[in-house]
Amino acid sequence: MNDSYYFNVKRKRPEEIYNDVSDYFKGEILNQYAHSKSMMKIQEKITIRALELLDIRKKGAFILDAGSGPGFAAMFLKELGYRTVALDIIAEFLNFYNIKDLNPITADMCFPPFKGKTFDAILSISALQWIYRDIANKKMHYLLNHLSKSFYHILKPDSRVIIQFYPKNKEIMEQIGKIIADNTEFQGNFIIDNPNTSKKRKIFLLLEKKS
Ligand SMILES: C[S@@+](CC[C@H](N)C(=O)[O-])C[C@H]1O[C@@H](n2cnc3c(N)ncnc32)[C@H](O)[C@@H]1O
């Protein structure tokens, strides 16, 4: 990625229209998302790439899927032999599939209810844009700050977090990196697949907790 790399999504997305994620994901929209086979396939593909970046060496590692929705990533991780917790703020999302083996929990990923050093990895697919999307918004700043400190706390040493998300523009993406760098000891960087093709662009934030 070179320094002139730039993007700004012009189309208004649900996270810019709805203040609260549960005002968007409800009723028919929630149903359609949870039953969508194409969405399941897309999220699995992103999870494969996320796993590549996580580079987990441990067999049966314990992974938090933060903002799991119906559990597409967590179900796939389980098939691969990982142990998971599927966490989402919308309780109804956790009722579509038989996911009791994924230890489903309704919670806000900014305040994850776990003890320190619980997870071998944390993965979050297509959720962070709901938490941080406006540089001027102090509450969003606070929530992202709390999320990053909490992720650092619940992660074991020598472990990684991977967050795939859809920032509206490069400024928001960089501000997210800055807030995390200023407030935690995570070391990390952005990885952008297909940076110049808006439809295929995938942005990952990889964070590492050193021992
Ligand atoms: C686009 S969906 C992605 C769901 C899932 N990760 C997937 O790959 O299919 C975004 C999800 O993020 C969840 N979410 C948004 N804000 C959240 C928060 N503060 N805590 C937990 N989940 C949140 C939403 O409820 C929703 O399920």
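Biologist: Where does Asn194 lie?
Modeller: This is a predicted model, so local features need pLDDT of at least 70 and side-chain atom pairs pLDDT 80 or more, while totals for chains, interfaces and linings use all residues. Residues are numbered from 1 along each chain as its sequence is written, and side-chain values use heavy atoms, without hydrogens or water. Strands (E, at least two residues) and helices (H or I, at least four) are DSSP runs numbered from the N terminus. Asn194 sits in the loop between S6 and S7.

Biologist: Is Asn194 buried, partly exposed or exposed?
Modeller: Buried means under 20% relative accessible area, exposed over 50%, and partly exposed in between, with a 1.4 Å probe and protein chains only. Asn194 has 40% relative accessibility, so it counts as partly exposed.

Biologist: What is the phi of Asn194?
Modeller: Asn194 is a residue other than glycine, yet its phi is positive. The value is near 50 degrees.

Biologist: Which residue in the loop between strand S4 and helix H6 is buried?
Modeller: S4 spans 119-125 and H6 spans 128-131. The residue has a positive phi of about 55 degrees although it is not a glycine. At 16% relative accessibility it counts as buried. It is Ser126.

Biologist: Why does Ile191 count as buried?
Modeller: Ile191 is in strand S6, residues 187-193. It counts as buried because its relative accessibility is 15%.

Biologist: Which helix gives the most to the lining of the second largest pocket?
Modeller: On a 1 Å grid over the protein atoms alone, a pocket is an open set of points with protein on both sides within 12 Å along at least five of seven lines; lining residues have an atom within 4 Å of a point. Helix H4 (37-54) and strand S7 (202-209) each supply at least two residues. With 4 residues, the top contributor is H4.

Biologist: How many residues of that lining are charged?
Modeller: Asp, Glu, Lys and Arg count as charged; Ala, Val, Leu, Ile, Met, Phe, Trp, Tyr, Cys and Pro as nonpolar; the others, Gly among them, as polar. The lining includes Ile42, Arg49, Asp193, Asn194 and Lys199. Its nonpolar residues number 3 and its polar ones 1. The charged ones number 6.

Biologist: How far is Ile42 from Phe72 in space?
Modeller: Ile42 lies in helix H4. At 42% relative accessibility, it counts as partly exposed. In sequence, Ile42 and Phe72 are 30 residues apart. C-alpha to C-alpha, the distance in space is 9.5 Å.

Biologist: What volume does the largest cavity have?
Modeller: A cavity is a set of grid points where a 1.4 Å probe fits but cannot get out. Points are joined across faces, edges and corners, and volume is the space filled by probe spheres set on them. Arg13, Glu15 and Tyr132 are among the lining residues. The volume is about 40 Å³.

Biologist: Which residue has a backbone atom 2.7 Å from a nitrogen atom of the ligand?
Modeller: A polar contact is a pair of N or O atoms within 3.5 Å; within protein, one must be able to donate a hydrogen and the other to accept it, and sequence neighbours count only if both atoms are side-chain atoms. The side chain of Gln43 has an N or O atom 2.8 Å from a ligand oxygen. A polar backbone atom of Ile89 is 3.3 Å from a ligand nitrogen. At 2.7 Å, the residue asked for is Gly67.
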